[in-house]
Amino acid sequence: MSGDWFTANEYWSSRLVFQRMLAAVYLVAFICALNQFRALLGERGLTPIPEFLRGTPFRRAPSLFQLHYSDRFFAAVSWTGIAVSVSLLVGVADLLPVWACLLLWALPWVLYLSIVNVGQIWYSFGWESLLLETGFIAIFLGPAHTGVPVLVLWLLLWLLFRLEFGAGLIKMRGDRAWRDLTALHYHHETQPMPGPLSWYFHHLPPWAHKAEVVANHITQLIVPFALFAPQPVASVAAGVVIVTQGWLVLSGNFSWLNFLAITLAVSAIDGTLVGASPPDELATPPTWYGAVVLAVTALVVVLSYWPVRNLLRRKQVMNYSFNQFHLVNTYGAFGTVTRERYEVIFEGTDEDTIGLYTTWREYEFKGKPGDPYRRPPQIAPYHLRLDWLLWFLSLSSRYGGQWLPVLVTKLLTGDDRIRRLLRHDPFEGSAPKYVRARLFHYRFTTPAERAETGAWWVRRPVGSVVRTCRLGPDGTPVPV
């Protein structure tokens, strides 16, 4: 650390890399919002924002959309977020005075907070809060021409610690499979959104799966404490986190969760250890800036009471925000490991009558498993929100109570907005006469089955999620 207590300029290069990586995640998040909001949240979406706002006061959901909502305004907010993210990605903030740099970094946080707070179930994932908390702390890192504020770096480390350690604790306290080292016998096959390599990970030998679990426990329960150790120990710990998160990127699709964890870990690396020295002359941060950083640090310390209490509780909750601004949250994932995989498959027919010999045609989604011969795609860091909710729907119909009937209606009317969320519409925009949704059991093929058939999955029907229905006179689905 430099002689100035406020700065730690050996992290100058790490700050630059962290900021660029965070800007890239913001960019993906705003692109996701722009591409999907009309079908999910728009004025004619599955859960329209205007209806949500009518019963939700500002204090419960602070958002620009509390002041005004239209689909056009939402698109403008998304496009503004994209533009600001690109400017941050190319380093515009580093050309500005400190106050302007802070304001520029605050803009995407305000915009994305506005989206998340009206996003309802579609924005209920832990990585939304993680992006907002990371983005809030990043506001105060400052431009490249000033010293690196050490207190902000500590706040980023504290966030990474809670992310990793919380996930480790929830596993050990939750499913026995994490304690007996068998969790990854199932996880690669049953995770919400398998990736291109998930089939191969699933077929690793049992000893390798156990080694994966052991490595996970070490990384999440031991390594996080080393992040606060003197250098070079902290940089080594950050490297372990980066490697582990990279392994998760290869083995599945978890939106930008793993990419954000890697981004946070970068902030713990001492750039001078890898030959990245700071410039000789860095401006001394202004006094007011120091006061702001101290105030933010105090705020995080106070708000840390709730996540710390959660970490110490036996009945730990995961991915929960204690305030409407998503600051100092609690994190965790996969406290329970799903043993069997089920998928909801939507089908339609344009035949006038249905019977034993009716030809049903299947809707194909962009990310979730459907066609057994289709290799699981690489989606992350992009986030397919409807595909993820359909995975939850396969676990329990209560996850679709609010939006599933509306989705069926949209399919029966050939809604163009919903079609854009699909990989393949078997009716090419025309309206089918009947729609149904069946529940299938899925499992990965064995190597022998794959060699023989070319399929990635074996599936069999096990039940019904939505009974066969048609569009009634009032424009709602009617079971037949």
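This is a chat about the pockets, cavities, salt bridges and a surface patch of one predicted model.

Trainee: Okay, I'm new to this one. How much space lies in the largest pocket?
Mentor: About 1300 Å³. Keep in mind that this is a predicted model.

Trainee: Which residues lie nearest its centre?
Mentor: Met318, Asn319, Gly332, Ala333 and Phe334 do, out of a lining of 48 residues. Several helices give two or more residues to that lining, including H5 (126–138), H6 (150–173) and H16 (385–395).

Trainee: And which element gives the largest share of the lining?
Mentor: That would be H12, with seven residues. Helix H12 covers 233–251.

Trainee: What does the lining of the largest pocket look like by class?
Mentor: There are 28 nonpolar residues, 17 polar ones and three charged ones.

Trainee: What about the second largest pocket, how much space is in there?
Mentor: About 340 Å³. Its lining has 18 residues, and the closest to the centre are Val116, Gln120, Tyr123, Ser124 and His326. By class, the second largest pocket is lined by seven nonpolar, 10 polar and one charged.

Trainee: Now cavities. How many of 30 Å³ or more does the structure hold?
Mentor: Four. The largest cavity has a volume of about 50 Å³.

Trainee: What lines the largest cavity?
Mentor: Among its lining residues are Tyr363, Lys410, Leu411, Ile418, Phe427 and Pro432. Two helices, H17 (404–412) and H18 (416–419), each give two or more residues to that lining. The split by class is six nonpolar, two polar and four charged.

Trainee: Let's switch to charges. How many salt bridges does a search of the whole structure find?
Mentor: It finds 16. As a general point, side chains of opposite charge can pair when their charged atoms come close.

Trainee: Got an example? Which side chains does glutamate 343 meet in a salt bridge?
Mentor: One partner is arginine 341, at 2.8 Å from N to O. Another is lysine 368, at 3.0 Å from N to O. Glutamate 343 sits in strand E1 (residues 341–349) and lysine 368 in the loop between strand E3 (364–365) and H16, so this pair ties together parts that are 25 residues apart in sequence.

Trainee: Are those residues buried or exposed?
Mentor: Glutamate 343 and arginine 341 are both buried. For glutamate 343 the relative accessible area is 0%, and lysine 368 counts as buried too, at 4%.

Trainee: What about arginine 374, which side chain does that one meet?
Mentor: Glutamate 364, in a salt bridge of 3.7 Å from N to O. Arginine 374 is in the loop between E3 and H16, while glutamate 364 is in strand E3, so the pair ties together parts that are 10 residues apart in sequence. Arginine 374 is buried because its relative accessible area is 16%, under the 20% cut-off. Glutamate 364 is buried as well, at 7%.

Trainee: Which residues are linked in a network of salt bridges?
Mentor: Asp416, Arg419, Arg420 and Asp425. Arg419 and Asp425 also turn up in the lining of the largest cavity.

Trainee: Last topic, the surface. Which residues form a nonpolar patch there?
Mentor: Val86, Leu89, Val90 and Val92, with about 290 Å² of accessible area together.

Trainee: Where is the place of valine 92?
Mentor: Valine 92 is in the loop between helix H3 (71–89) and helix H4 (98–116). With a relative accessible area of 32%, valine 92 is partly exposed.

Definitions and conventions: Residues numbered from 1 in each chain as written. Predicted model: local features only at pLDDT ≥ 70, side-chain atom pairs only at ≥ 80, totals over all residues. Heavy atoms only, no water. Patch = residues over 30% accessible without salt bridge, like charges linked within 9 Å, V, L, I, M, F, W, Y side chains within 5 Å. Areas by Shrake-Rupley, 256 points an atom, 1.4 Å probe, with all protein chains shown as cover. Salt bridge = Lys/Arg side-chain N within 4 Å of Asp/Glu carboxyl O. Helix = DSSP H or I, 4+ residues; strand = E, 2+ residues; numbered from the N terminus. Buried < 20%, exposed > 50% of the residue type's maximum accessible area, 1.4 Å probe, protein only. 1 Å grid on protein atoms, 1.4 Å probe; cavity = no way out; pocket = protein on both sides within 12 Å on 5 of 7 lines; lining within 4 Å. Points joined across faces, edges and corners; volume = space filled by probe spheres on them. Nonpolar A, V, L, I, M, F, W, Y, C, P; charged D, E, K, R; others polar.
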